[in-house]
Amino acid sequence: MIELGAVRGAYGVKGWLRVAPFATDGGVLEAVDEWWLIRGRDKQSVTVEDRRRHGTSILAKLPGCETKEAADALKGATVAVARDRFPPLPEGQHYLGDLIGSRVVNRSGEALGEVSGLRANEVAGVLRQWLEVTDRTDTRLIPLVEPYVDEVDAAAKLVRVDWQRDW
């Protein structure tokens with residue numbers, strides 16, 4: 001399961017949910033019909049009846065959720081999708097979550113660590129993303145943009161970057 005968003009509450013009075021995607025595009029949540037709602041240790045599979053984009057949120061209609069109160073009862077749940085349900089991507093594109101655990105080496109062949117996470121924020125409408133790379137002694141953030149990321153080999157779990165250990 002890959003956690004992709006969170007239920008923020010009801011939208012309207014007819015049981016629609018307002019979901020905030022963790023990634024800005026929310027493409028997987030829009031493409032996949034089977035979601036998992038997670039609250040603590042409780043996991044519930046749901047089939048999305050309908051959905052639509054609303055600004056940065058995704059509005060979703062679930063079976064049996066017919067009132068504002070029913071939708072609000074799901075507020076705070078995490079929305080996840082099984083990784084094998086993700087739609088295929090075009091050649092050369094990768095889901096960022098698939099990079100977790102990849103080795104990171106620079107142009108000199110120096111190992112910088114492994115991708116331990118991803119970070120993102122939006123400033124003045126511009127999304128910025130970083131690879132969080134951790135080795136035994138340090139954690140560094142490498143901008144996830146073409147000038148710094150030379151190659152991603154998802155099959156080999158390898159990311160080549162133009163980055164130095166002391167930057």
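In this predicted model, Arg 140 has a relative accessible area of 6%, and because this value falls under the 20% limit, the residue counts as buried. Arg 140 belongs to strand β11, which spans residues 139-143. Its side chain takes part in polar contacts with the backbone at two places: the side chain of Arg 140 reaches the backbone oxygen of Leu 112 at 3.0 Å, and it also reaches the backbone oxygen of Arg 165 at 3.4 Å. Both Leu 112 and Arg 165 appear again when the surroundings of Arg 140 are listed without its neighbours within four places in sequence, for the residues in contact with Arg 140 are then Leu 112, Leu 131, Glu 132, Val 133, Asp 135, Trp 163 and Arg 165.

A second residue to be described is Lys 157, which lies in the loop that connects β12 (149-153) with β13 (158-161). Lys 157 has a relative accessible area of 32%, and it is therefore classed as partly exposed, since this category lies between the limits of 20% and 50%. The backbone of Lys 157 has a phi near 55°, a positive value in a residue that is not glycine. As a general rule, most residues other than glycine have a negative phi.

Turning to the strands, an open sheet is formed by 7 strands, which follow one another in the order β4-β3-β7-β1-β2-β6-β5 with antiparallel pairing. The edges of this sheet are occupied by β4 (42-47) and β5 (50-54), and because each of these has a single partner strand, one side of each is left without a neighbour in the sheet. From one strand to the next, the twist averages 35°. Within the sheet, strand β3 (residues 34-39) and strand β7 (residues 78-81) run antiparallel and are joined by 3 bridges, and Leu 37 is found opposite Val 79 of β7. In general, the strands of a sheet pair through backbone hydrogen bonds.

For the chain taken together, the secondary structure comprises 2 helices and 13 strands. The C-alpha atoms fill a box of roughly 60 × 35 × 30 Å when the box is taken along the principal axes. The chain has 167 residues, of which 37% count as buried, and its accessible surface comes to about 9900 Å², with 49% of that surface belonging to carbon and sulfur atoms. When contacts between residues at least 6 apart in sequence are considered, 49% of them join residues that are at least 24 apart.

How values were computed. Residues are numbered from 1 along each chain as its sequence is written. This is a predicted model: local features need pLDDT of at least 70, side-chain atom pairs count only at pLDDT 80 or more; totals for chains, interfaces and linings use all residues. Side-chain values use heavy atoms; hydrogens and water are left out. Helices (H or I, at least four residues) and strands (E, at least two) are DSSP runs, numbered from the N terminus. Buried means under 20% relative accessible area, exposed over 50%, partly exposed in between (1.4 Å probe, protein chains only). A polar contact is a pair of N or O atoms within 3.5 Å; within protein, one must be able to donate a hydrogen and the other to accept it, and residues adjacent in sequence count only if both atoms are side-chain atoms. Contact means heavy atoms within 4.5 Å. Two strands pair if DSSP finds at least two bridges between them. Axes are lines fitted to C-alpha atoms, for helices over the stretch in contact, and angles run from 0 to 180 degrees between N-to-C directions. Accessible areas come from the Shrake-Rupley method with a 1.4 Å probe; for residues, only the protein chains shown count as cover.
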